[in-house]
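Right, let's get going. Please bring the structure up on your screens, and I'll talk you through one residue and the sheet.

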Amino acid sequence: MPRLFTALELPSDIAFSLSLLRGGLPGARWIDPENYHITLRFIGDVDHRTANEVAATLAQVSRPGFEIALSGLGTFGGRKPHSVWAGVSAGDKLRELQADLERRLQRLGLEPDRRKFSPHVTLARLKTASQADVAAYLTLRGDFRTPPFEVGRFVLLSSRDSRGGGPYIMEEAYPLAA
């Protein structure tokens with residue numbers, strides 16, 4: 001059964017900028033730059049029939065391209081941080097695309113995503129990092145920013161069951177209108 005999700009890819013220069021943030025945080029397991037992405041909708045483990053239905057449904061999406069930028073760093077997990085991320089300066093077009101995908105996938109009978117959409121790029125998974133080390137890391141690098149970049153497509157990715165994500169396989173790419 002494939003484990004699927006939809007995402008936005010990052011241009012190579014943006015991924016390179018993110019890769020320069022690697023290191024300086026004891027206990028962090030850094031994501032490989034080729035696996036950086038912005039998840040739009042986690043779909044999960046589905047059978048092959050459902051995977052084909054998902055791919056066909058996503059092919060019907062007709063939305064315009066748009067620009068986004070990465071801005072700031074943060075963590076998920078509160079007092080026990082479990083990941084470090086780069087934030088996404090999201091405009092209406094990104095949120096509209098994500099909402100469109102969510103509606104279409106629910107119409108296929110998939111359960112709604114219960115998490116609030118919080119666009120980000122995961123940089124590292126944390127297992128043993130202390131709160132003090134995480135705070136020091138964010139203090140030094142938290143003002144990270146990229147110039148805006150064009151989003152011209154979204155992708156359907158699959159992954160194997162693994163800890164920390166990746167490697168990801170692009171199953172389909174869906175262009176956005178110019």
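Which residues does Gln-98 touch, leaving out those up to four places away in sequence? There are two names to note: Leu-40 and Phe-117. Keep in mind that this is a predicted model.

Now, where does Gln-98 sit? Look at helix H3, residues 92–107; Gln-98 is in that helix. Is Gln-98 buried or exposed? Its relative accessible area is 11%, and the cut-off for buried is under 20%, so Gln-98 counts as buried.

On to the sheet. Four strands make it up, and the sheet is open. Read the order as S3-S1-S8-S9, with antiparallel pairing. Which strands are at the edges? They are S3, residues 38–45, and S9, residues 168–175. Each of those pairs on one side only. From one strand to the next, the twist averages 20°.

Zoom in on one pair. S8 covers residues 153–159, and S8 pairs with S9 through seven bridges, antiparallel again. Within that pairing, find Arg-153: facing it in S9 is Pro-175.

Next, the helices against the sheet. H2, residues 48–58, lies across S1 (3–8), S3, S8 and S9. Its angle to S8 is about 170°. H3 packs on the sheet too, with contacts to S1, S3 and S8. Take S3 as the reference: the direction of H3 makes about 15° with that of S3.

Back to where we started. Gln-98 belongs to H3, and H3 touches S3. Leu-40 is one of the residues that Gln-98 touches.

That's my part. Over to you.

Note on methods
Residues are numbered from 1 along each chain as its sequence is written. This is a predicted model: local features need pLDDT of at least 70, side-chain atom pairs count only at pLDDT 80 or more; totals for chains, interfaces and linings use all residues. Side-chain values use heavy atoms; hydrogens and water are left out. Helices (H or I, at least four residues) and strands (E, at least two) are DSSP runs, numbered from the N terminus. Buried means under 20% relative accessible area, exposed over 50%, partly exposed in between (1.4 Å probe, protein chains only). Contact means heavy atoms within 4.5 Å. Two strands pair if DSSP finds at least two bridges between them. Axes are lines fitted to C-alpha atoms, for helices over the stretch in contact, and angles run from 0 to 180 degrees between N-to-C directions.
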